[in-house]
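Please open the model in your viewer and keep the selection panel at hand. The stops below are meant to be taken in order.

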Amino acid sequence: VGPDAEATLYVPVPPPGAPPRARRDVLRANALPWVPVMVAHEGVPGHHSYFAALRRSGSVLRAHLAPPVAIEGWATYAESLLWEAGFFERPAEQIACLNLRALRAARVLVTLDLRVEGCPAGEAAGRLARLASVPPAVAREEVAWYRARPFDACHHFVGAAAIRAALPGAGDERLRAHEELLRRGRPATWP
């Protein structure tokens, strides 16, 4: 990522004609405390860094066929790096970060409910709303996504956990492992 690199961060807005409660839920999900964690995930050191490194690798295959579990896993892992470094200073930012972690863990559980247990969509949305403290409308949209794209919702949580397990714990060795991961598009221990 160089000084001339360009990036755009799209922030969802309520759809035209949305009912007041739906508008409030969308705006609440994009409140100021969420900005640092979303920038970390979508920007640097998250997706933007990941894709910039893949482009620099010179491998067309790596740049265009990176596995989603590695893409989302890296961005979610990157959030945790900034957490460890104290980047999320304000309590509201820390709560937003923890809420997002809870949502991602709940996504895994609810996806398994849907796919393995055959849980009805309405029941799954209710469970997601309770586990992740998201508004019912958001939970219904999330469950519709899980049903349309099986296991996509697991990429963030599972990928970050797999990356953390595959990398050394600290210091220069961890930094070199990060560089290698970004060069290859996945940890060196992954096939």
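The tour begins with confidence, moves to one histidine and ends at a pocket.

Start by colouring the chain by pLDDT, since this is a predicted model: the protein averages 87, and 94% of the residues score at least 70. Select helix 4 (residues 60-64), where confidence is lowest at a mean of 76, and then helix 7 (residues 121-132), where confidence is highest at 95.

Next, select His178, which you will find in helix 10 (residues 171-184). Is His178 buried or exposed? With a relative accessible area of 12%, His178 falls under the 20% cut-off and therefore counts as buried. Display the residues around it: leaving aside those up to four places away in sequence, His178 touches Trp74, Tyr77, Leu81 and Leu167. With Tyr77 there is also a polar contact, made between the two side chains at 2.6 Å.

Keep Tyr77 selected, as Tyr77 also belongs to the lining of the second largest pocket, and add the other lining residues, namely Thr76, Glu79, Ser80, Arg101, Arg104, His156, Phe157, Ala160, Ala161 and Arg164. The elements that each give two or more residues to this lining are helix 5 (68-84), helix 6 (91-115) and helix 9 (155-166), and helix 9 supplies the largest share, five residues. Colouring the lining by residue class will show four nonpolar, three polar and four charged residues, set around about 200 Å³ of space in the second largest pocket.

Note on methods. Residues are numbered from 1 along each chain as its sequence is written. This is a predicted model: local features need pLDDT of at least 70, side-chain atom pairs count only at pLDDT 80 or more; totals for chains, interfaces and linings use all residues. Side-chain values use heavy atoms; hydrogens and water are left out. Helices (H or I, at least four residues) and strands (E, at least two) are DSSP runs, numbered from the N terminus. Buried means under 20% relative accessible area, exposed over 50%, partly exposed in between (1.4 Å probe, protein chains only). A polar contact is a pair of N or O atoms within 3.5 Å; within protein, one must be able to donate a hydrogen and the other to accept it, and residues adjacent in sequence count only if both atoms are side-chain atoms. Contact means heavy atoms within 4.5 Å. On a 1 Å grid over the protein atoms alone, a cavity is a set of points where a 1.4 Å probe fits but cannot get out, and a pocket is an open set with protein on both sides within 12 Å along at least five of seven lines; lining residues have an atom within 4 Å of a point. Grid points are joined across faces, edges and corners, and a volume is the space filled by probe spheres set on the points. Ala, Val, Leu, Ile, Met, Phe, Trp, Tyr, Cys and Pro count as nonpolar, Asp, Glu, Lys and Arg as charged, and the others, Gly among them, as polar. pLDDT is the predictor's confidence in each residue, from 0 to 100.
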